[in-house]
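Here's a walk through one structure, taken a piece at a time. Keep the model open and follow along.

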Amino acid sequence: MSQNRADQLPKLLIVEDDPGLQAQLKWAYEDFQVFVAGDRASALATLRSEVPDVVTLDLGLPPDPDGTSEGFAVLDEIMALKPDTKVIVASGHGARESALGAIAQGAYDFYQKPVDIDSLGLIVRRALQVHRLEEENRRLASRVAKDEKVLGRMITAAPEMLRVARTIERVANTNVSVMLLGASGTGKELLARGLHEASDRSGGEFVAINCAAIPENLLESELFGHEKGAFTGAVKTTPGKIEQAAGGTLFLDEVGDIPLQLQVKLLRFLQERVIERVGSRESIPVDTRIVCATHQNLDAMIAENRFREDLYYRLAEIVVKIPSLAERPGDATLLAKSFLTRFAAEMNPRVRGFASDALAAIDAWSWPGNVRELENRVKRAVIMADEKLVSAADLDLLEPDEQVINALNLKSAREQSDRKVIRHALARSEGNISSTAKMLGISRPTLYDLLKQYDLQA
């Protein structure tokens with residue numbers, strides 16, 4: 001075989017201290033570049049220099065050939081150095097618990113000793129396929145993150161949320177005022193920032209203010225600024241948030257909490273695009289785009305004369321309703337994995353992922369606090385976790401009750417259930433068709449048929 005041809009082959013590292021078995025395994029994989037190591041030092045040196053796609057690892061290595069301590073030490077270091085590597089551990093008779101422990105520690109699979117070359121070959125090739133699919137997923141995700149500047153910080157695979165993103169993309173380069181409606185924790189500020197970054201105002205400032213967090217007597221000064229001496233403590237002239245966002249975007253969060261008297265002044269700004277600082281009568285022209293958000297029912301507030309109808313129509317030229325996390329099947333799992341990766345790197349590098357009971361609990365939970373609740377639970381779980389996989393107990397999530405589907409008839413109930421389960425499985429397998437089909441207990445062709453039937457995308 002030519003050197004160029006060999007360099008293009010996938011890489012397999014065999015960690016085994018038996019010379020006879022080394023030779024037997026080495027010549028069984030003609031379609032791999034095969035590297036052999038007999039101890040921890042040589043295994044890790046090869047890992048660093050060659051970066052193999054797949055590793056077969058005998059847990060019984062010198063100086064502990066009759067135990068598993070050295071093998072587990074090698075596995076630990078592989079997971080720390082190259083966590084994407086697929087490691088397949090050897091399990092002798094009666095050592096199944098060790099093999100399962102290795103999988104909990106990050107290994108991909110295990111094989112029984114004495115070795116059946118054909119069976120091990122199937123496991124190795126399957127591991128390579130998964131490795132390549134995951135690598136392709138990462139490449140595509142990286143390309144999307146690089147190419148799709150619009151709302152690039154938002155993680156979602158739910159059609160409901162993608163429609164929201166498309167709406168915001170369409171209005172980004174207009175000057176219309178946008179109102180974001182959604183429950184607390186659904187990501188209103190994230191979407192507002194995404195709108196700003198996607199607009200031709202992205203070179204200006206994005207300024208956010210929570211109207212509910214500022215006392216009424218200070219809110220006018222915060223928004224419009226004040227002149228020196230306008231009130232006790234006003235020791236210098238200070239521009240307000242509207243001026244600070246000139247040429248950019250001002251995000252008014254919880255706009256429903258603005259008092260009626262101040263609503264009149266905000267309405268004048270929206271109509272005439274001029275402001276007056278507190279303590280001044282000078283009109284200052286300001287070019288600031290307004291994006292606002294609230295979780296309150298503004299229609300009810302208008303009916304009760306607590307919010308001006310004319311202001312509402314000025315603020316709500318475009319209304320975007322943001323679905324709750326419970327209305328975005330599959331997104332809780334995607335977001336949880338993203339949060340875990342970030343928090344583990346910052347606070348607990350030992351944590352590698354979620355246990356199966358944690359993923360089931362995440363899927364089943366209703367998330368009344370939406371994305372904010374999910375982020376807080378994952379952050380706390382990563383900090384408190386004793387094991388490498390975060391459990392449902394770490395997340396402090398109750399066992400999911402049996403879900404009741406409300407539907408008009410059995411057919412629609414089944415379709416609703418099938419669609420939800422498939423989307424959860426796709427999210428948990430990160431779009432891998434083979435893994436999704438296996439998780440669902442169906443064949444790939446059947447899964448493709450269901451994806452087509454329910455208009456779902458992997």
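What follows goes from a sheet to the helices lying across it, and then to a single asparagine.

Bear in mind that this is a predicted model. Start with the sheet: 5 strands make it up, it is open, and the pairing is parallel. Reading across, the order is E2-E1-E3-E4-E5. E2 (33-37) and E5 (109-112) sit at the edges. Each of those two has just a single partner strand, so one side of each is left without a neighbour in the sheet. The sheet isn't flat-on from strand to strand either: neighbours are turned by 20 degrees against each other on average, direction ignored.

Now zoom in on one of those edges. Strand E4 (residues 86-91) and E5 run parallel and are joined by 4 bridges. If you want a residue pair to look for, take Ile88, whose bridge partner in E5 is Asp109.

Next, add the helices. H4 (residues 69-81) lies across E3 (54-58) and E4, and it runs at about 160 degrees to E3. H5 (residues 96-104) lies across E4 and E5, running at about 160 degrees to E5.

Finally, hop along the chain to Asn348, which you'll find in the loop between helix H14 (331-347) and strand E15 (353-354). Is Asn348 buried or exposed? Its relative accessible area is 14%, and the cut-off for buried is under 20%, so Asn348 counts as buried. What does its side chain reach? The Asn348 side chain gets to the backbone oxygen of Val382, at 2.8 Å. Setting aside neighbours within four places in sequence, Asn348 is in contact with Phe343, Val382, Ile383 and Ala385.

Definitions and conventions: Residues numbered from 1 in each chain as written. Predicted model: local features only at pLDDT ≥ 70, side-chain atom pairs only at ≥ 80, totals over all residues. Heavy atoms only, no water. Pairing = 2+ DSSP bridges. Axes fitted to C-alpha atoms, helices over the stretch in contact; angles between N-to-C directions. Contact = heavy atoms within 4.5 Å. Buried < 20%, exposed > 50% of the residue type's maximum accessible area, 1.4 Å probe, protein only. Polar contact = N/O pair within 3.5 Å; in protein donor to acceptor, adjacent residues only side chain to side chain.
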